[in-house]
Amino acid sequence: MNPLFNFDTMPTRPVVQGPLTGSDVLSVSQFDRDKIEYIFARTREMREMVEQAGTFDLLGDKVAACIFYEPSTRTSSSFISAMQRLGGTVIPITSGVSFSSVSKGETLGDTMRVLEQYADVIILRHPQVGSAKEAAHAASVPILNAGDGPGEHPTQALLDLFTIRDELGQIDGLKIAMVGDLRFGRTVHSLTKLLLQYDVSLRFVSPEILRLPLNLMNSVIDAGVDVRETHSVDDVIKNADVLYVTRVQKERFTDLDQYEEVKNYYKITAETMEMAKEKMVVMHPLPRVGEIPDAVDSDPRAAYFRQAKNGMFVRMALLAAVLGRA
Ligand code: NCD
């Protein structure tokens, strides 16, 4: 026998059947409170593991394909880092699918069917709502939705919720204000849906043209949540426990004059922060484009960089979970 191919001496890596083993992650609607708690427990283990050891060989036999049809810094690099810290490897198609066969006219379904020949999991960002679902239909390996246009961004919502719990020690009972582009901001859509499972008050702060989509607002109302909409941060800042700020999503506007009208609508300054509770947290999925000046960064309540770091731990937990190693 060829000693290089002695299977008896190769490490065996059993699959652990957990609640997400083999699953796609397409929408936050897949996560009930038990699954959220399960992911958060795994996330804390991942954080401890990174703090103790940096990397850990849990997914040494696994390959992830990371294909992004829209720009990304945090989501792509935190997924890649997550995979690498777990000993796995990545096929990164993140610097413009113009270099891939997509530019030759390949369908999303075909691209997925090819990538699954090489990879055990596919991380996908795409500008069309529903694209992740379409990809999951085509591929038999798990698809992780890293943003489908203005639709959903479930892994971001999980890291946002993890951050709220980590910063404030609870979710139930909190007053959460979301500010900015509530119409196109997919992180707002996913986080709002996730929060409907908790006993929270929601305040939606936006200019008229960027209000939360009606169907989502109806779900919030149907869930019996204490909710109000306003144009003004001043209306919410004194009582908020969480101020979740977002950028106006320029790329989703068909009329750029409209974008110009609302792009500088909100600025959370040091003066705004003076009106807020001492234990409030300011979050932002990032990138920011002027909504929060750098001067706020030194405020201990500014949690957005800690939030970005949590993204890596949450994605480690999700990768391990769908690949049957958690
Ligand atoms: C967000 C996104 O891509 O939806 N960014 C991110 O993933 N952290 C928010 C945004 O682009 O404004």
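In this predicted model, helix α2 has 12 residues, which at 1.5 Å a residue should span 16 Å; the C-alpha atoms at its ends are 16 Å apart, so expectation and model agree. Its buried residues are T75, S76, S78, F79, I80, S81, A82 and M83. These buried residues pack against four strands, β1 (63-68), β2 (89-93), β3 (121-126) and β4 (143-148), and against the helices α5 and α10. Just after α2 comes G87, whose phi is positive, at about 85 degrees.

**Helix α1**

The same check can be applied to helix α1, residues 33-53. Its 21 residues should span 30 Å at 1.5 Å a residue, and because its end C-alpha atoms are 30 Å apart, the two values agree. The buried residues of α1 are I36, Y38, I39, F40, R42, T43, M46, R47, M49 and V50. A general property of helices helps in reading such a list: an α-helix has 3.6 residues a turn, so residues three or four places apart point the same way.

Against which elements do the buried residues of α1 pack? Their partners are the helices α2 (74-85), α5 (154-168), α6 (186-195) and α10 (304-322). Just after α1, G54 takes a positive phi of about 85 degrees.

**Three pairs of packed helices**

Two packed helices are described by the angle between their axes and the distance between the axes. The table gives these values for three pairs.

| Pair | Angle between axes | Distance between axes |
|---|---|---|
| α1 and α10 | about 115 degrees | 8 Å |
| α5 and α6 | about 60 degrees | 8 Å |
| α3 and α4 | roughly 50 degrees | within 8 Å |

For α1 and α10, an angle of about 115 degrees falls in the range from 65 to 115 degrees that counts as roughly perpendicular; the two helices are therefore roughly perpendicular to each other. The crossing of α1 past α10 is right-handed. On the α1 side the contact is made by Y38, I39, R42, T43, M46, R47, M49 and V50, and on the α10 side by N310, M312, F313, V314, M316, A317, L318, A320 and A321. By class, the residues of this contact comprise 13 nonpolar, two polar and two charged.

The second pair is α5 and α6, which pack at an angle of about 60 degrees. That angle makes α5 oblique to α6. Their crossing is right-handed. Residues P154, Q156, A157, L158, D160 and L161 of α5 meet T187, S190, L191, L194 and L195 of α6. The contact of α5 with α6 contains seven nonpolar residues, three polar residues and one charged residue.

The third pair joins helix α3 (residues 108-118) and helix α4 (residues 131-138), whose axes cross at roughly 50 degrees. These two helices are therefore oblique to each other. α3 passes α4 in a right-handed crossing. In α3, the residues L108, G109, M112, R113 and E116 meet S131, E134, A135 and A138 in α4. Sorted by class, this contact of α3 with α4 has four nonpolar, two polar and three charged residues.

**A buried valine before α1**

V25 is placed in the segment before α1. Is V25 buried or exposed? Its relative accessible area is 0%, and because buried means under 20%, V25 counts as buried. Leaving aside neighbours within four places in sequence, V25 is in contact with Q30, F31, I143, L144, N145, P154, T155, L318 and V322. Several of these partners have already been met: P154 belongs to the contact of α5 with α6, and L318 to the contact of α1 with α10. V25 and V63 are 38 residues apart in sequence, and their C-alpha atoms are 17 Å apart in space.

**The loop between β9 and α10**

L286 lies in the loop between β9 and α10. P287 is in the loop between β9 (281-283) and α10 as well. The peptide bond from L286 to P287 is cis, with omega near 10 degrees. L286 also has a positive phi, near 65 degrees, although this residue is not glycine. With a relative accessible area of 12%, which is under the 20% limit, L286 is therefore buried.

Technical notes. Residues are numbered from 1 along each chain as its sequence is written. This is a predicted model: local features need pLDDT of at least 70, side-chain atom pairs count only at pLDDT 80 or more; totals for chains, interfaces and linings use all residues. Side-chain values use heavy atoms; hydrogens and water are left out. The expected span of a helix is 1.5 Å times one less than its number of residues. Buried means under 20% relative accessible area, exposed over 50%, partly exposed in between (1.4 Å probe, protein chains only). Contact means heavy atoms within 4.5 Å. Axes are lines fitted to C-alpha atoms, for helices over the stretch in contact, and angles run from 0 to 180 degrees between N-to-C directions. Angles under 35 degrees count as roughly parallel, over 145 as roughly antiparallel, 65 to 115 as roughly perpendicular and the rest as oblique. A crossing is left-handed if the near helix is turned anticlockwise from the far one by less than a right angle, and right-handed if clockwise. Ala, Val, Leu, Ile, Met, Phe, Trp, Tyr, Cys and Pro count as nonpolar, Asp, Glu, Lys and Arg as charged, and the others, Gly among them, as polar.
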